[in-house]
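The questions below ask how some descriptive terms are earned, and each answer sets a value beside its definition.

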Amino acid sequence: KSANPQWREQFDFHYFSDRKDMLDIEVWRKDNKKHEELLGTSQVDISALPMKQTNCLELPLEKHPGSLLMLVAVAPCAGVSISDLCVCPLEDPSERQQISQRYCIKNSFRDIKDIGFLQVKVLKAVDLLAADFSGKSDPFCVLELGNDSLQTHTVYKNLNPEWNKVFTFPIKDIHDVLEVTVFDEDGDKPPDFLGKVAIPLLSV
């Protein structure tokens, strides 16, 4: 019930230089669970922003009245990585030793915000739902931890996809929950939901 909403939320997106440089933003109005209406869109060219500083942007919504006020900071990716299973970072004994030293008891208060990190190996899925008319799906997997989100590539026409990827997240809150969701890629349409599992960090 507001034409001037204030959200005051922060989101961390992992920007890799080999991806497209545009940040797409959509504003939606929701009447109830069934009815939603697009109130406007905007884009930010990430590559044009100065690095290592907070940029205050007022973005007009395209083809609609209104504007968005955002703070966008572009900084080097720290502690986040995507790699193939054959080059898993934690498999290196010297790296494991460095990690043990970094998080030993005597270093507990050296950096309060450095709680640790989570490494997830996404191997495969089995017997997925067929979302396409062909009796197959085009599945990909999304991992979310807090406001961090990373995803695998899509395996086309397969109900038993193998991704074999390793994802590393910095942990900001030990009470966070890792959410792993499998979607079916559907061209220009929103992806279809194929299933989800939630894993509290405290259970690991």
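**Terms and their grounds**

Q: What makes the order of the open sheet of three strands, and in which sense do the strands pair?
A: The open sheet of three strands runs in the order β5-β9-β6, with antiparallel pairing; strands are DSSP runs of E of at least two residues, numbered from the N terminus, and two strands pair if DSSP finds at least two bridges between them. This is a predicted model, in which local features need pLDDT of at least 70 and side-chain atom pairs count only at pLDDT 80 or more, while totals for chains, interfaces and linings use all residues. Residues are numbered from 1 along each chain as its sequence is written, and side-chain values use heavy atoms, with hydrogens and water left out.

Q: Why are β5 and β6 called edge strands?
A: β5 (81–84) and β6 (116–124) each pair on one side only. Neighbouring strands of this sheet are turned by 20° against each other on average, direction ignored, where axes are lines fitted to C-alpha atoms.

Q: How do you know that β6 and β9 pair?
A: Between β6 and strand β9 (residues 162–171) there are eight bridges in the antiparallel sense, and the definition asks for at least two, so the two strands count as paired. One such bridge joins L118 to its partner F169 in β9.

Q: Why is the aromatic pair of F183 and F193 called edge-to-face?
A: Rings of Phe, Tyr and Trp (its six-membered ring) pair if their centres lie within 6.5 Å, and planes under 30 degrees apart count as stacked, over 60 as edge-to-face and the rest as tilted. The centres of F183 and F193 are 6.4 Å apart and their planes stand at 75°, so the pair meets both conditions. F183 lies in strand β10 (residues 177–186) and F193 in strand β11 (residues 189–200), so the pair ties together parts that are ten residues apart in sequence. Ring pairs also link F140, F183 and F193 into a cluster.

Q: Why is T152 called buried, and F193 exposed?
A: Buried means under 20% relative accessible area, exposed over 50%, and partly exposed in between (1.4 Å probe, protein chains only). T152, at 6%, is therefore buried, whereas F193, at 51%, is exposed.

Q: What makes the approach of the T152 and W163 side chains a polar contact?
A: T152, in the loop between β8 (148–151) and β9, makes this side-chain contact with W163 at 3.3 Å. A polar contact is a pair of N or O atoms within 3.5 Å, where one must be able to donate a hydrogen and the other to accept it, and residues adjacent in sequence count only if both atoms are side-chain atoms.

Terms used: Helices (H or I, at least four residues) and strands (E, at least two) are DSSP runs, numbered from the N terminus. Axes are lines fitted to C-alpha atoms, for helices over the stretch in contact, and angles run from 0 to 180 degrees between N-to-C directions.
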